[in-house]
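Trainee: I should like to understand how each descriptive term is justified. May we take the terms one at a time?

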Amino acid sequence: MTPVTSQNRRGENAALPPPLPLGRPPHLPPCLSPSDPSLAASSRLHARLPCSHPPGRPTANRKARRGLGAARQGARAGPGPGRGLGPEYPGPAPRAAGRRRYPSYSRNRSRSRSRSRSRSRSRSCLCRPPAAAPQGRPAYSPDVPGIPVRSSSLPLYSDAMPAPTQLLFPLIRNCEFSRICGSACYCHHTHLCCSPPPFPHSRLRYPPQKAFSTFCRPKDPFWQYTHARRYTATPQKFYLTPPQVNSILKANEYSFKVPEFDGKNISSILGFDSNQLPANAPIEDRRSAATCLQTRGMLLGVFDGHAGCACSQAVSERLFYYIAVSLLPHETLLEIENAVENGRTLLPILQWHKHPNDYFSKEASKLYFNSLRTYWQELIDLNTGETTDVKEALINAFKRLDNDISLEAQVGDPNSFLNYLVLRVAFSGATACVAHVDGVDLHVANTGDSRAMLGVQEEDGSWSAVTLSNDHNAQNESEVERLKLEHPKAEAKSVVKQDRLLGLLMPFRAFGDVKFKWSIDLQKRVIESGPDQLNNNEYTKFIPPNYHTPPYLTAEPEVTYHRLRPQDKFLVLATDGLWETMHRQDVVKLVGEYLTGVHHQSPISVGGYKVTLGQMHGLLAERRAKISSAFEDQNAATHLIRHAVGNNEFGAVDHERLSKMLSLPEELARMYRDDITIIVVHFNSHVVGAYQNQGQ
């Protein structure tokens with residue numbers, strides 16, 4: 001039979017072996033018949049496909065080399081019966097004379113020997129046919145049965161393989177394995193050794209093991225030659241469904257409609273919507289709403305806690321009582337005191353409007369009542385006979401409550417639970433933004449960085465925002481100047497550091513936070529005499545740096561007055577969690593459009609620009625999405641939170657983003673946003689207009 005020749009990479013003619021005989025070798029599996037076309041195709045392709053890559057360096061089995069020293073010299077001989085596939089399989093044709101098949105490694109001989117003693121490797125090209133033993137020499141040594149003679153082209157590892165495994169190697173090399181396992185592999189009809197790797201190493205779940213180096217050429221990964229079917233592991237996206245999103249957003253929403261006439265006066269408030277979305281666990285924000293029964297007006301407020309929720313919880317329960325008592329006339333205060341002295345039922349002062357999740361601390365109710373009674377007793381003793389001013393009443397109530405919080409922590413309580421509670425309230429902190437609405441008189445008292453924003457509808461139907469509070473932080477230059485004037489000039493550089501009070505606290509006014517109000521001696525004395533939970537707390541024992549002339553913090557509010565007008569449609573009270581994510585103008589516009597819905601019916605204005613039909617379709621689709629989003633929410637505060645958390649760069653709610661933000665675990669949610677608490681107060685424009693006409 002005429003041998004088939006082919007040009008190698010140097011242009012030399014190299015003889016290729018004849019095809020593999022199709023007789024059934026020993027141990028042939030039942031799935032492979034001697035007449036199987038895959039075997040015939042494998043042998044034909046094997047005989048006609050030359051190797052296209054440079055040869056690698058062979059590594060011999062050191063045990064075989066030591067046991068068969070004589071075989072070392074004859075391993076590179078010419079053609080002869082091959083090993084592993086039976087004696088009838090011919091070896092490869094002799095290579096051209098004068099060409100070194102492998103480079104010399106004599107310089108690294110000692111190093112490679114030491115490495116091979118610990119781990120033997122055998123690397124060879126899969127597409128090269130097995131080397132033949134020398135003429136007259138058997139493939140296996142008769143002296144040492146089972147140990148193969150060293151070969152320069154076939155790995156020694158294959159000598160110990162069973163026949164079925166050895167038969168599969170030509171199929172894999174010649175892309176015929178796909179005919180047997182078509183569902184697991186596919187073939188591009190290209191030589192596997194010449195094909196690029198199907199995927200980078202970095203995408204592997206597990207790195208390739210070193211044992212695979214037996215089947216690979218040097219420094220080449222195993223998966224270059226296996227072309228298995230590529231299954232892309234696409235990460236599944238688990239998003240909350242719209243009902244699940246609505247369930248989370250509406251868990252804390254609350255709405256209240258104020259009757260137009262409550263028996264005493266006509267209210268200028270139609271009602272209010274409120275909601276909360278936690279980021280901390282538990283949530284540190286609180287909210288309160290109540291109607292003053294002994295006086296006129298309504299109180300609404302949001303409270304943002306820090307270093308825990310104890311202080312914000314106490315302030316949300318107690319502040320409105322202090323404000324209501326401050327507004328009571330002298331005669332009413334006397335009636336209340338006499339009722340307490342004689343054990344009669346007290347007249348209700350406030351009518352609370354609370355969500356079921358908004359709770360009162362029953363354990364501390366008696367302590368709180370005793371402090372409040374002491375306050376109204378002092379008001380009775382200090383009676384001047386003058387009418388109480390709302391602004392003065394708000395300031396006095398804020399300052400007195402903060403003073404009581406500090407005094408209760410210093411005095412302590414025989415009850416260990418109450419003693420620990422009052423200390424937690426004092427060492428944590430809270431900001432407050434409270435609105436008092438009485439007819440057309442609107443007073444906003446703010447301590448900290450929460451905000452009150454008034455939504456005004458102009459004559460052309462547009463919306464504008466009127467700020468009714470100032471943030472008490474480093475962004476307020478007047479607040480920074482106030483702090484510097486209250487302390488020596490030597491502390492001018494340390495009192496506000498890195499936009500924080502003493503480099504630690506963000507708001508410059510707050511309830512509690514006695515660490516910024518008490519002297520160092522008082523703090524140490526209270527902590528040492530307090531419970532073990534407080535004494536072991538590193539935060540309470542920590543003294544702020546540059547702490548020389550306390551107090552550095554105050555709870556005195558900044559009160560703003562505004563007379564309502566018919567164009568004033570609503571008031572937004574919210575903690576800083578909302579204002580960090582949305583601009584005030586966007587908040588007012590969003591609520592205004594939600595309440596009126598005028599933009600849904602008005603024609604789309606393009607400002608004189610030429611738009612295509614596709615662009616107009618996009619604008620209509622965006623409007624339709626806004627309409628569906630608006631109808632989802634029956635609460636204006638919920639609508640605001642939905643946009644604050646889920647808005648994309650175009651101002652529309654992105655369900656994917658909203659779902660991700662609501663799915664964040666508790667330990668990660670605070671890294672992306674703060675607690676959000678919102679109260680939206682709706683004004684009755686007709687009643688406000690009537691008040692305005694009476695005043696004129």
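Trainee: What makes H20 and H21 roughly perpendicular to each other?

Mentor: In this predicted model, the axes of helix H20 (residues 636-646) and helix H21 (residues 655-663) cross at roughly 95° and come within 8 Å. Angles of 65 to 115 degrees count as roughly perpendicular. The two helices are therefore roughly perpendicular to each other.

Trainee: Which residues make the contact of H20 with H21?

Mentor: H20 contributes Arg642, Val645 and Gly646, while H21 contributes Arg657, Leu658 and Met661. By class, three residues are nonpolar, one is polar and two are charged. Gly counts as polar under the classification used.

Trainee: Why is Val245 called buried?

Mentor: The cut-off for buried is under 20% relative accessible area. Val245 has a relative accessible area of 1%, and is therefore buried. This residue lies in helix H6 (residues 242-249).

Trainee: What is Val245 in contact with, leaving aside its neighbours within four places in sequence?

Mentor: Its partners are Leu240, Arg642, His655, Leu658 and Leu662. Among them, Arg642 of H20 and Leu658 of H21 also take part in the contact between those two helices. Val245 and Leu658 are 413 residues apart in sequence, yet their C-alpha atoms are 7.9 Å apart in space. For the protein, residues 24 or more positions apart account for 73% of the contacts with a separation of 6 or more.

Trainee: How do you know that the buried residues of H12 are on the same side of the helix?

Mentor: The buried residues in H12 (residues 477-485) are Glu479, Val480, Arg482 and Leu483. They cover an arc of only 155° around the axis, which puts them on the same side of H12. An α-helix has 3.6 residues a turn, so residues three or four places apart point the same way. Glu477 and Leu485 are exposed on the other side of H12. The exposed class requires over 50% relative accessible area.

Trainee: What covers the buried residues of H12?

Mentor: The cover includes strand E12 (496-497) and strand E13 (500-501).

Trainee: What makes E10 and E11 a pair?

Mentor: Pairing requires at least two bridges between the strands. Strand E10 (residues 451-457) and strand E11 (residues 463-467) have five bridges, in the antiparallel sense, and therefore satisfy that requirement. Gln457 stands opposite Trp463 in E11. The hairpin has five residues between the strands, and Gly461 takes a positive phi near 90° there.

Trainee: How do you know that E4 and E17 pair?

Mentor: Strand E4 (residues 269-277) and strand E17 (residues 676-683) share eight bridges in the antiparallel sense, set against a minimum of two. Ile269 stands opposite Phe683 in E17.

Trainee: Why are E3 and E11 called edge strands?

Mentor: The open sheet has six strands in the order E3-E4-E17-E16-E10-E11, with antiparallel pairing. Strand E3 (254-257) and E11 each pair on one side only, and these are the edge strands. Neighbouring strands are turned by 20° against each other on average, direction ignored.

Trainee: Which strands of the sheet does H20 touch, and what angle does its direction make with that of E17?

Mentor: H20 packs on the sheet, touching E4, strand E16 (568-574) and E17, and its direction makes about 135° with that of E17. Roughly antiparallel would need an angle over 145 degrees, so the value of about 135° counts as oblique.

How values were computed:
Residues are numbered from 1 along each chain as its sequence is written. This is a predicted model: local features need pLDDT of at least 70, side-chain atom pairs count only at pLDDT 80 or more; totals for chains, interfaces and linings use all residues. Side-chain values use heavy atoms; hydrogens and water are left out. Buried means under 20% relative accessible area, exposed over 50%, partly exposed in between (1.4 Å probe, protein chains only). Helices (H or I, at least four residues) and strands (E, at least two) are DSSP runs, numbered from the N terminus. The arc is that of the directions from the helix axis to the C-beta atoms. Contact means heavy atoms within 4.5 Å. Axes are lines fitted to C-alpha atoms, for helices over the stretch in contact, and angles run from 0 to 180 degrees between N-to-C directions. Angles under 35 degrees count as roughly parallel, over 145 as roughly antiparallel, 65 to 115 as roughly perpendicular and the rest as oblique.
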